[in-house]
Amino acid sequence: MLATLSARGRAAGAGYESLLEQGRFYLERGANYGADAVRALEKAEQENPERAGSDPQFLSGLARAYALTARFTEAYRALGRWERLGVLGPEGEALRTKLLSESGLGRLRVTSAVALTRVTVRLDPADGGRVDVSTRKALERLGELLARGIDPGPEGVILLVPEGKYRFSGESPRLYAPREPAPVEVWAGDEAEVRLVALYPDPAAWKVVAGNRSASLSWPALPQATFELSREVGGAPEVIYRGSAPAFADAGLPVGVRVRYTLRSFGPRGDLVAVSSAEAETLPPVSRVVVAAKLGADLRVGVSWTLGDGTADRVRVVRRGRRGDEVVADLSDPAAIASGSVSDGPFLPGVEGVAVAYRVEAWVSPGQTPVAAAEATAEVPPLVERVTEVVQSIERGSVFLQWDTLPRDGAAQGYAIYRQRGDGAEGELVGKVEDPFAREFEYAVEDPVKASSWRHFVVPFVGDRYRLDPEVLAFRGRPPDETFERRAARGQRLPDVGLSWAPFPAAVGYAVGIGDGKEVLVKKPYLEISGLQSPLMGTAHQVKVFALDAEGRKTGLVTLEIRYEHYPRLAPKEADR
């Protein structure tokens, strides 16, 4: 007794060597001092873990101490650490043989395809009243170890268990099964296995992207595993995928529902090794539509929209009218639904301005009514009656024109700009502006001084109809009073062509088109044209004459094909002969 007290006193401030010596001292005293040996050796390891892990004497003593106290699993682990040093020796071999073959113990391997930590395990005898004292003591010591938790993985954790039938259960946040007691039978000298089913992967490790009636899912791969994915939407689960790829794209789902997915992973032997679940919520129906409508320069209305958050299967654009609605577009292409635009028209200006209303509807199949809709209106201004004033300025070789219209907010399909420069040519077309709301025009000239004497006027048009204003078109040109012969005799330069035609009833003027782009307006049914000939080569021109009525409608009267032939001149010497 004094020796024991003396040894315990020396341990108070002892280091690793002293604690190791103390543990060996207790071991020499026999089984009654086994618990003391365990305490001393565990303190020695706490004092210097690195040295303890590489010291065969320590590991040998620790294995023997655990075996003396019926902590057989821990003794087996200590032998394993000792063996990894490569120096197990006869003493260690003898102890391992005793544990595995001579003590009535069997091996229970606890495995998990997914590495788990701190799994607390209960191992209860199937018939607790028929367990002997030594078995009960071994199970009590094993229970203390299991309560601290084990870390099973694919290689497994080996437990040394007295022969018998047991109920096995585990507890861990990452454990799926067995949570309820499961039967297991252990035979002495043999090995049984319990395969844990992990909750894997963690829900946060899933990648779930919900879409329009769809969900894209992926999860971390598990080596050598195959997967079974089931889907639950307000009813019984339905298996939708089996395979080895850790991903699946689910389609054909209802709109705006929460879907629960359960993933089961199976090992190479076909046994269930992991279970996990995730949720996806498909996009709800669109609840908001933003619409805009605007009349463009081409007199077409552009209708644009943007859908709010959510989903739709199609978008319908409807033009509202007194006589009923007319569908302008019905789109189902996903790329054109969320945000897009369509063009409607053209809408030619009339005597009065009109408002064109549109309704954009978002639909979800198989619904009978739209889930969201909005309206917008575009104003089509009244037709320009006439151009009231044309202001011109000349600067840096260009003529710049500005004009006002009546009404001021009126529109036309475009504007034709004419100029007057000299007798006969009452209005020479210099350009057109194909903009309903244009109020200015600019073109270049070679001689700004001459251009300063020109007069310009602007004629609105819609299609082939010109909005003529008799007051603006106060033409000064008139047919000549003298024949070409008398004019030539007086030294006047003659035109290339003098055209005259019978007056057309109800005509307020005439348009003469020369070639592809030249057009001249005249008041009387007569026009003299110069510049058709070239001294260098022959030329050909097509001349068309149109009558213009009070509403600007054109009526074709005459079409002429004028051709000038070029004849080579003789050289001067040849002319003298």
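Where does Pro 407 lie? In this predicted model, Pro 407 sits in the loop between strand S23 (398-406) and strand S24 (414-420). The peptide bond that leads into Pro 407 from Leu 406 is cis, and its omega is near -5°. A second cis peptide bond joins Ser 365 and Pro 366, with omega at about 0°. Pro 366, too, is a loop residue, found between strand S20 (354-363) and strand S21 (372-380). As background for a newcomer, most peptide bonds are trans, and most residues other than glycine have a negative phi.

The sign of phi brings two further loop residues into view. For Gln 224, phi is near 60°, a positive value in a residue other than glycine. Gln 224 belongs to the loop between strand S9 (214-218) and strand S10 (226-232). With a relative accessible area of 67%, Gln 224 is exposed. Ala 506 also has a positive phi, near 70°, and is likewise not a glycine. The loop that holds Ala 506 runs between strand S29 (497-500) and strand S30 (509-514). Here the relative accessibility is 65%, so Ala 506 counts as exposed, the cut-off for that class being over 50%.

From the loops, the tour moves on to strand pairing, with strand S7 as the guide. Strand S7 covers residues 191-199 and pairs with strand S1 (residues 105-112) in the parallel sense, over six bridges. Within S7, Leu 196 is the residue that stands opposite Ser 112. Strand S7 also pairs with strand S5 (residues 175-177), this time in the antiparallel sense and over two bridges. Leu 175 has Ala 198, in S7, as its bridge partner. A further pairing links S7 to strand S14 (residues 272-281); it is parallel and has two bridges. In this case Leu 199 is matched with Val 275 of S14 as its bridge partner.

Helix H3 offers a last stop. This helix spans residues 34-47, which makes 14 residues in total. From the first C-alpha of H3 to the last, the reach is 20 Å, close to the 20 Å expected at 1.5 Å a residue. Which residues are buried in H3? They are Gly 34, Asp 36, Ala 37, Val 38, Ala 40, Leu 41 and Ala 44. Buried residues are those under 20% relative accessible area, whereas Gln 224, back in its loop, is exposed at 67%.

Key. Residues numbered from 1 in each chain as written. Predicted model: local features only at pLDDT ≥ 70, side-chain atom pairs only at ≥ 80, totals over all residues. Heavy atoms only, no water. Helix = DSSP H or I, 4+ residues; strand = E, 2+ residues; numbered from the N terminus. Expected span 1.5 Å × (residues − 1). Buried < 20%, exposed > 50% of the residue type's maximum accessible area, 1.4 Å probe, protein only. Pairing = 2+ DSSP bridges.
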